[in-house]
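Me: I have a model open and want to go through it by question and answer. Please keep the replies short and end each on what I asked for.

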Amino acid sequence: MTQSVFIRGTIILIVTGLVTKLLGFIPNMVLPRIIGVEGVGIYRLVFPFLILMVTLATVGLPVALTKLISEDIDAARLKNRAYLKITLYIVLTLSFFLMLFIIMLSPYLSKYFLTDSRSYLSFLVMIPAIPIIAVSSCLRAYYQGKQLMKIPAISSVIETITRVVVSITRLYRDW
């Protein structure tokens, strides 16, 4: 990898990170105004559990995928795609089992683990996010391993914009 490719990729990731952090800040300003302090408290209660489930679903595979792809950048495309398929299979399988785990145990987790039964619906709402986040992190890792930083950067910005728009419109409509 040449120095200019590395610098260009780094600049793309820095700008993308800045844009997504600024866009991600919008719901944090709007959320308390829409759902109030209690709603934000319940959201903040459940969110770390979501992050834990995504971490368990990916088990570090995106980092390993990036490393494998970047080491075999000159190898056949079929080998790189095989790495991606295996990673996606593992991540989707783990996500499926974690989703079942949350569905079965969410009443108990919300009542006894988080000690607030109002967090039950938040558990149910976060379930579809687990495989989506896990798969998108694997796809980003694949393209980063191929040193194609524009694709993960664009997808990250689109994901953030979609999350902001959907969450704010859903909250205004439902609350």
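Me: What percentage of the residues in the protein are buried?
Reply: This is a predicted model. The protein has 175 residues. Buried means under 20% relative accessible area. By that cut-off, the buried share is 34%.

Me: Which pattern does the protein follow along the sequence?
Reply: The protein has 6 helices and 0 strands. Its C-alpha atoms fill a box of roughly 55 × 35 × 20 Å, taken along the principal axes. Read along the sequence, the pattern is α-α-α-α-α-α.

Me: Of the contacts with a separation of 6 or more, what percentage comes from residues 24 or more positions apart?
Reply: Contact here means heavy atoms within 4.5 Å. Count the contacts in the protein with a separation of 6 or more, then take those between residues 24 or more positions apart. Their share is 77%.

Me: Which helix gives the largest share of the largest nonpolar core?
Reply: This core has 25 residues, and those touching the most other members are Phe49, Met53, Leu65, Ile102, Phe123, Met126 and Ile130. The elements giving two or more residues are H1 (3–58), H2 (61–71), H3 (77–113), H4 (120–126) and H5 (129–145). The largest share is 7 residues, and it comes from H3.

Me: How many residues are in the other core, which lies apart from that one?
Reply: Among the members of this other core are Val30, Ile34, Ile35 and Leu171. It lies apart from the largest nonpolar core. Its count of residues is 8.

Me: Is Phe123 buried or exposed?
Reply: Leaving aside neighbours within four places in sequence, Phe123 is in contact with Val46, Phe49, Ile102, Ser106, Leu109, Ser110 and Leu114. Its relative accessible area is 0%. The cut-off for buried is under 20%, so Phe123 is buried.

Me: How are Phe49 and Phe123 paired: stacked or edge-to-face?
Reply: The centres must lie within 6.5 Å for a pair, and planes over 60 degrees apart count as edge-to-face. By this rule there are 5 aromatic pairs. For Phe49 and Phe123, the values are 5.0 Å centre to centre and 85° between the planes, so the pair is edge-to-face.

Me: How many residues apart in sequence are the parts that this pair ties together?
Reply: Phe49 is buried too, with a relative accessible area of 8%. Phe49 lies in helix H1, and Phe123 lies in helix H4. The pair therefore ties together parts whose separation in sequence is 74 residues.

Me: Which residues do ring pairs link into a cluster?
Reply: A ring pair is judged by centres within 6.5 Å. Such pairs link rings into a cluster. Its members are Phe49, Phe113 and Phe123.

Me: Why do the buried residues of H2 lie on the same side, and what is the arc?
Reply: The buried residues of H2 are Leu61, Pro62, Leu65 and Ile69. They lie on the same side because the arc they cover around the axis is only 95°. On the other side of H2, Val63 and Glu71 are exposed. The arc of the buried set is 95°.

Me: Which helix gives the most to the lining of the largest pocket?
Reply: About 2,000 Å³ of space lies in this pocket. It is lined by 43 residues, and Tyr43, Phe47, Leu50, Arg163 and Ser167 lie nearest its centre. H1, H4, H5 and H6 (150–174) each give two or more residues. The most, 18 residues, come from H1.

Me: Which residues is Thr87 in contact with, leaving aside neighbours within four places in sequence?
Reply: Thr87 lies in helix H3. It is buried, with a relative accessible area of 8%. Outside its sequence neighbours, its contacts are Leu61, Leu65 and Cys138.

Me: Is Thr16 buried or exposed?
Reply: Thr16 is in helix H1. Leaving aside neighbours within four places in sequence, it is in contact with Ala153, Ser156 and Val157. Its relative accessibility is 10%, so Thr16 counts as buried.

Me: What separates the C-alpha atoms of Lys150 and Pro27?
Reply: Lys150 is in helix H6. It is exposed, with a relative accessible area of 55%. Lys150 and Pro27 are 123 residues apart along the chain, and their C-alpha atoms are separated by 25 Å.

Key. Residues are numbered from 1 along each chain as its sequence is written. This is a predicted model: local features need pLDDT of at least 70, side-chain atom pairs count only at pLDDT 80 or more; totals for chains, interfaces and linings use all residues. Side-chain values use heavy atoms; hydrogens and water are left out. A nonpolar core is a set of buried Ala, Val, Leu, Ile, Met, Phe, Trp, Tyr and Cys residues joined through side-chain atoms within 4.5 Å. Buried means under 20% relative accessible area, exposed over 50%, partly exposed in between (1.4 Å probe, protein chains only). Helices (H or I, at least four residues) and strands (E, at least two) are DSSP runs, numbered from the N terminus. The arc is that of the directions from the helix axis to the C-beta atoms. Rings of Phe, Tyr and Trp (its six-membered ring) pair if their centres lie within 6.5 Å; planes under 30 degrees apart count as stacked, over 60 as edge-to-face and the rest as tilted. On a 1 Å grid over the protein atoms alone, a cavity is a set of points where a 1.4 Å probe fits but cannot get out, and a pocket is an open set with protein on both sides within 12 Å along at least five of seven lines; lining residues have an atom within 4 Å of a point. Grid points are joined across faces, edges and corners, and a volume is the space filled by probe spheres set on the points.
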